[in-house]
Amino acid sequence: MKQITTFDAYLRAYEQSIADPEGFWAAVAEDFQWHKKWHKVLTWNFTEPRVSWFEGAKCNITENCLDRHAARNPNSVAIIWEPNNPAEPSLHITYQDLMRRVNTFCHALKKIGIKKGDRVCIYLPMIPEAAVAMLACARIGAIHSVVFAGFSSASLADRIKDSGCCCLITADAFCRGEKKIELKKIADEALVHTPTIQHCIVFNRLNEPINMLPGRDVWWQELTNNCPDEFSAEIMDAEDPLFILYTSGSTGKPKGVLHTTAGYMIYTAYTFLNVFNYQPGEIFFCTADVGWITGHSYLLYGALLNGATTVMFEGIPTYPDHGRLWDITDKHRVNILYTAPTAIRSLETFGTDIFKTKDLSSLRVLGSVGEPINEDAWRWYHTHVGKNRCDIVDTWWQTETGGILISPIATVTPLKPAYATLPLPGVQPVVVDEQGKELTGSPAEGNLCIKFPWPGMARTVYGNHERFRQTYFSTYPNLYFTGDGCRRDAEGYYRITGRVDDVINVSGHRIGTGEVENAINEHPDVVESAVVGYPHEVKGQALYAFVICTQKIPDTEKFGAEVREVVAKKIGAFAKPDKIQIVPGLPKTRSGKIMRRILRKIAEGDTTNLGDTTTLLDPSVVEAIIAGSR
């Protein structure tokens, strides 16, 4: 693939990708291994919707992730595994070794009857076997559905039932920080409610005593015994399903977003190479779990498609202390670090003394993912982690997009703190008003949509195409609606302002909660905040801010006045919160998403009908917030 190395080259590539999308992506795809080339690059409409890339092509994504690199550079390291406990040795797995492990597990899956088109649920910690299981499914043509190993048994059961998985792959137990997670026990609770599961493969991670159901449960280590380490990959159609990944169920039942083979392969490979300006031999460290799209697209597939070395971390950034990410960076001489603003803000609270004992000179590029990064966190990341010399790529994308859509290209795009900057080649964003009218000039502010397909986009919601259409294509005709609001400045740079459903109308002013939160987070005593609307008899709606602080605040009135002043300064007096409550934590799902519906209920004074809180990372936080709101 041709790598973009200058801003002029980006402008040329972008112009070409818009003028001739099919020619552009066909040229990118030429560098991959195919069993058969396509007869048509793209067929699409956003009405049904139907999108099909590289029609007629035959390939297997794992041949491009593994075989070609194992043949050319067998001893090149594919995965560096860093365990939760730093006293446990890390692993360096070469491309040759990874391919052998995957092939062996392919035979194990075939041994129990798993075949092309079957759905396989993967419920594993961040261990190499999670990557092996995903790749083995893709290699035999099974559709993997990874569920984050922090989800409850009820959430696991819901996802298994929705996708009709016939096999579950899990582990006995694992440790996250100091906490032991009895994963098989949780899985057993889920499997009571999942009649489609015929087989449960259990990896022995901690040698914990567990219940094994005869005829259903089998140890990974026993199943793979005596399996060959060579396996011919299943030949897949370009549009054959690759995986299902469930998005948060904060608004109704979780959606099983389905991605297909060839388009996803091409798009993740291209965006990995370009956004991070990846150079051969560099070490890439993505802190995301493989249970989320970031782990799928950039820790695993995008990295391996480019023959990169990717770091897989089992633990958390604060164990055994808050310097763990920096220790891993120095230990493995990481060149590219890709993490979330939540992690950055969390580590920011510990101060900067930790950096006196860290080198971090290997770092060249920093990345941000998962939510818009506020300017304060951006500058802290740039100054203390990047030592004012590393580009920060503030990437905007979604589970549904498959890969990054708007982002700086490292070392190429002029940066602007808290801005995702410009669309990547092939991505055609538009800003529309509430009626769907395109706002063509700059600056502009409205709802962010995409008007033309890109190869990595989801094709449907598994088993419910009508929900896919209703959610993403019914709001504005012939547009993919992202659900996010944005601002485009005079230079054409995009800043994501938060979910449109989190926009609050205060005295006729449309206020994005993300924007208010970013302003509040600028206060030196604030770690994180969440803003919701509540009914106000004069304004219609007013703003209620739930705020986590770095320390105990002796004078809450003075603090509240300071926060309001920051908001007034950053946005305007109309955006000042009427109520500010200091809280010990926020109700978050295990993926880090704030459950705003709970906060809205509390703000409205309705604490008797909060709905299901069992999927929260820490349900006890809700009681503490309620107590403080009285």
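User: What percentage of the 630 residues of the protein count as buried?

Analyst: The model shown here is a predicted one, and the answer depends on a cut-off, since a residue is called buried when its relative accessible area is under 20%. Applied to the 630 residues of the protein, that cut-off gives a buried share of 61%.

User: How does the radius of gyration of the protein stand beside the value that the globule rule gives for 630 residues, and what is that radius?

Analyst: The protein contains 18 helices and 30 strands. For 630 residues the globule rule gives 25 Å, and the protein comes close to this, so it is as compact as a globular protein of that length, with a radius of gyration of 24 Å.

User: Which residues touch the most other members of the largest nonpolar core?

Analyst: The largest nonpolar core has 152 residues, and the element that gives the most to this core is helix H5 (residues 128–140), with 10 residues. Apart from it lies another core, of 25 residues, which includes Val311, Trp378, Tyr381 and Ile392. Within the largest core, the residues that touch the most other members are Phe54 and Ile169.

User: Which residues is Phe54 in contact with, leaving aside its neighbours within four places in sequence?

Analyst: Contact here requires heavy atoms within 4.5 Å. Once the neighbours within four places in sequence are left aside, the partners of Phe54 are Trp25, Ala26, Ala29, Trp38, Lys40, Val41, Ala238, Ala262, Gly263 and Ile266.

User: Is Phe285 buried or exposed, and what is its relative accessible area?

Analyst: Phe285 belongs to strand E16 (residues 283–286). Leaving aside neighbours within four places in sequence, Phe285 has contacts with Val311, Phe313, Leu325, Ile328, Thr329, Val334, Ile336, Leu337 and Tyr338. Phe285 is buried, and its relative accessible area is 0%.

User: Why is helix H15 described as largely enclosed by the rest of the structure, and which of its residues are buried?

Analyst: Helix H15 covers residues 513–520, and eight of its eight residues are buried, so the helix is largely enclosed by the rest of the structure. The buried residues of H15 are Thr513, Gly514, Glu515, Val516, Glu517, Asn518, Ala519 and Ile520.

User: How far apart do the centres of the positive and negative side chains lie?

Analyst: To answer this, one takes the two sets of charged side chains in the protein, 65 positive and 72 negative, and compares the centre of one set with the centre of the other. The separation between these two centres is 1 Å.

How values were computed
Residues are numbered from 1 along each chain as its sequence is written. This is a predicted model: local features need pLDDT of at least 70, side-chain atom pairs count only at pLDDT 80 or more; totals for chains, interfaces and linings use all residues. Side-chain values use heavy atoms; hydrogens and water are left out. A nonpolar core is a set of buried Ala, Val, Leu, Ile, Met, Phe, Trp, Tyr and Cys residues joined through side-chain atoms within 4.5 Å. Buried means under 20% relative accessible area, exposed over 50%, partly exposed in between (1.4 Å probe, protein chains only). Helices (H or I, at least four residues) and strands (E, at least two) are DSSP runs, numbered from the N terminus. The radius of gyration is taken over C-alpha atoms; the globule rule is 2.2 Å times the number of residues to the power 0.38. Lys and Arg count as positive and Asp and Glu as negative; His and the chain ends are not counted. The place of a charge is taken as NZ of Lys, CZ of Arg, CG of Asp or CD of Glu.
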